[in-house]
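Subject: Structure for your review

Dear colleague,

Please find below the structure that I am handing over to you. My account of what was found in it follows directly after.

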Amino acid sequence: MTNPTFEPADRITGLPPYLFAELDRRIAAKRAEGADVISFGVGDPDFPTPPHVVEAMHKAIDDPETHHYPSYAGLPELREAIATWMEKRFGTKLDPSTEVLPTWGSKEGVVHLPWALLGEGDIALWADPGYPPYDVGTRLAQATPVSLPLRGENGFLPDFDEITADVRERTKLMWLNYPGNPTGATCELDVFERAVEFGRANGAVIAHDAAYSEITYDSYVAPSILQAQGASEVAVELHSFSKSFNMTGWRIGWICGSAPVIEALGRLKTNLDSGVFTAIQRAAIAGLEGPTDFLDAQLAVFAKRRDIAVEGLKDAGLAAWTPKGSFYLWVPVPDGETSASFASKLLDEAAVVVAPGNGYGEHGEGYVRFSLTLADDRLEEGIERIRKIL
Ligand SMILES: *Cc1c(COP(=O)(O)O)cnc(C)c1O
């Protein structure tokens, strides 16, 4: 008998290395030495899911009706509730039956959208630095990811004029994300208007990841790309319950906008998954229709942490700046350091974990990301430690 050696597929071995793996190993080693490690690494709200959502889940799970296969396209009541929420929030009118589709969290939508839209040779432009699944989802679909650089001097907004003619020609999809992870940058509607124009002129779908649309400060209100003129033809927007409702573990979000795009993704998903657990969909409705005061209280906490951290980091000599959205600080590393060397230094000398910026794309090099999703006293101590070593 031969013993054939297992080899994963090329699409797996060809994936970019997990950039945080080495850092994870070093954090574990540091903890094993007995160090009290403070992590600004993960972006997961440190607040529980609001009680009205949890209660709706309890009720829903007791109803045996929810124990069967869900509808592929999502509960009509959920799609209605999403369309109503979008209209209340952004003034956009959506047809719940053709322009709204629930997803298993927005990451699932992000990774599967290229499968529905792209083939070999097609390009997906992605705003770099950005959420790694824009790049990885494109690679998995055997298409070509191309960076659309976001630079500090432009407020981390894309420059569409920089896209060369041969890239334009092959671009079928563009990823944007405001308020942005990892930069915390925000934009006004004009950026979406120019993106939609680009899409219409070049036959490309513009996908806006709006995961942080509700995580904003200082009376800034984030726009939707669907408010842009002509957006319904070429644009889709991905929303998530993860950050706005502290539901990262529940795995539910939605995509809405251009009906043919939604139809294509829906056709793929019919063949892939069997919809989101009905009880979770019912809980999501309770979230969309319920009170939002929990979020206001939480945003005040994030804003306070943001201000303390920015102040402390500036004191430490770092060029920290104050974002109006997301719960991240995107901080340039000191001269002579790289993202990785500075993240290592903070871990080695202060037992503080930050995410090295190069993990978010080549244009993330030279930065580190601080997530504000840790308790106030830990945050303050972490910043204090950094001040001491710098
Ligand atoms: C957290 C995050 C999401 C949310 O993903 P879910 O799959 O809905 O949990 C999407 N996009 C970005 C940029 C994020 O940071």
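Is Glu162 buried, partly exposed or exposed? With a relative accessible area of 31%, Glu162 is partly exposed. Please note from the outset that the model is a predicted one.

Salt bridges

Glu162 forms a salt bridge with Arg151, and the closest N and O atoms of the two are 3.1 Å apart. Both partners sit in the loop between strand E4 (144–149) and helix H7 (165–170), so this salt bridge ties together parts that are eleven residues apart in sequence. Arg151, at 28% relative accessibility, also counts as partly exposed.

In total, the structure holds 24 salt bridges. One of them joins Asp36 to Arg378, with 2.7 Å between the closest N and O atoms. This pair links distant parts of the chain: Asp36 belongs to the loop between helix H2 (21–32) and strand E1 (38–39), whereas Arg378 belongs to helix H15 (residues 376–389), 342 residues apart. Asp36 has a relative accessible area of 41% and is therefore partly exposed. Arg378 is partly exposed as well, with a value of 25%. The two residues also belong to a network of salt bridges in which Asp36, Arg378, Glu381 and Arg385 are linked.

A further salt bridge is found within helix H15. Here the side chains of Glu384 and Arg387 meet at 2.3 Å, N to O. The two residues are three places apart in H15, about one turn of the helix. An α-helix has 3.6 residues a turn, so residues three or four places apart point the same way. Glu384 is partly exposed, its relative accessible area being 29%, and Arg387 is partly exposed at 31%.

The ligand and its surroundings

The ligand is surrounded by 14 residues, of which the closest are Asp209, Ser240, Ser242, Lys243 and Arg251. By class, this shell has four nonpolar, six polar and four charged residues. Helix H5 (105–117) and helix H10 (241–244) each supply at least two residues of the shell. With three residues, H5 gives the most.

Several polar side-chain atoms approach oxygen atoms of the ligand. For Tyr212, the distance from a polar side-chain atom to a ligand oxygen is 2.6 Å. For Ser242, the corresponding distance to an oxygen atom of the ligand is 2.6 Å. A polar side-chain atom of Lys243 lies 3.3 Å from an oxygen atom of the ligand. On its own the ligand has 390 Å² of accessible area, and the protein covers 94% of it.

Helix H6

Helix H6 (residues 133–140) is mostly covered, with six of its eight residues buried. The buried residues are Pro133, Tyr134, Asp135, Gly137, Thr138 and Leu140. They pack against helix H1 (10–13), H5, strand E3 (123–128), E4, strand E5 (171–176) and strand E6 (205–209). H5, one of these partners, also contributes to the shell around the ligand. After H6 comes Gln142, which has a positive phi, near 60°.

Two buried residues

Thr66 is located in the loop between helix H3 (51–61) and helix H4 (76–90). Its relative accessible area is 0%, so Thr66 is buried. Leaving aside residues up to four places away in sequence, Thr66 touches Ala60, Ile61, Phe277, Thr278, Ala279 and Arg282.

Leu347, in helix H14 (residues 339–350), is likewise buried, with a relative accessible area of 1%. Which residues does Leu347 touch, not counting those up to four places away in sequence? They are Leu23, Arg26, Ile27, Lys30, Val37, Val352 and Val353. For Arg26, the separation from Leu347 is 321 residues in sequence, while the C-alpha atoms of the two are 8.3 Å apart in space.

Yours sincerely

Note on methods. Residues are numbered from 1 along each chain as its sequence is written. This is a predicted model: local features need pLDDT of at least 70, side-chain atom pairs count only at pLDDT 80 or more; totals for chains, interfaces and linings use all residues. Side-chain values use heavy atoms; hydrogens and water are left out. A residue is near a molecule or strand if one of its heavy atoms lies within 4 Å of it. A polar contact is a pair of N or O atoms within 3.5 Å; within protein, one must be able to donate a hydrogen and the other to accept it, and residues adjacent in sequence count only if both atoms are side-chain atoms. Accessible areas come from the Shrake-Rupley method with a 1.4 Å probe; for residues, only the protein chains shown count as cover. Helices (H or I, at least four residues) and strands (E, at least two) are DSSP runs, numbered from the N terminus. Ala, Val, Leu, Ile, Met, Phe, Trp, Tyr, Cys and Pro count as nonpolar, Asp, Glu, Lys and Arg as charged, and the others, Gly among them, as polar. Buried means under 20% relative accessible area, exposed over 50%, partly exposed in between (1.4 Å probe, protein chains only). Contact means heavy atoms within 4.5 Å. A salt bridge is a side-chain nitrogen of Lys or Arg within 4 Å of a carboxyl oxygen of Asp or Glu.
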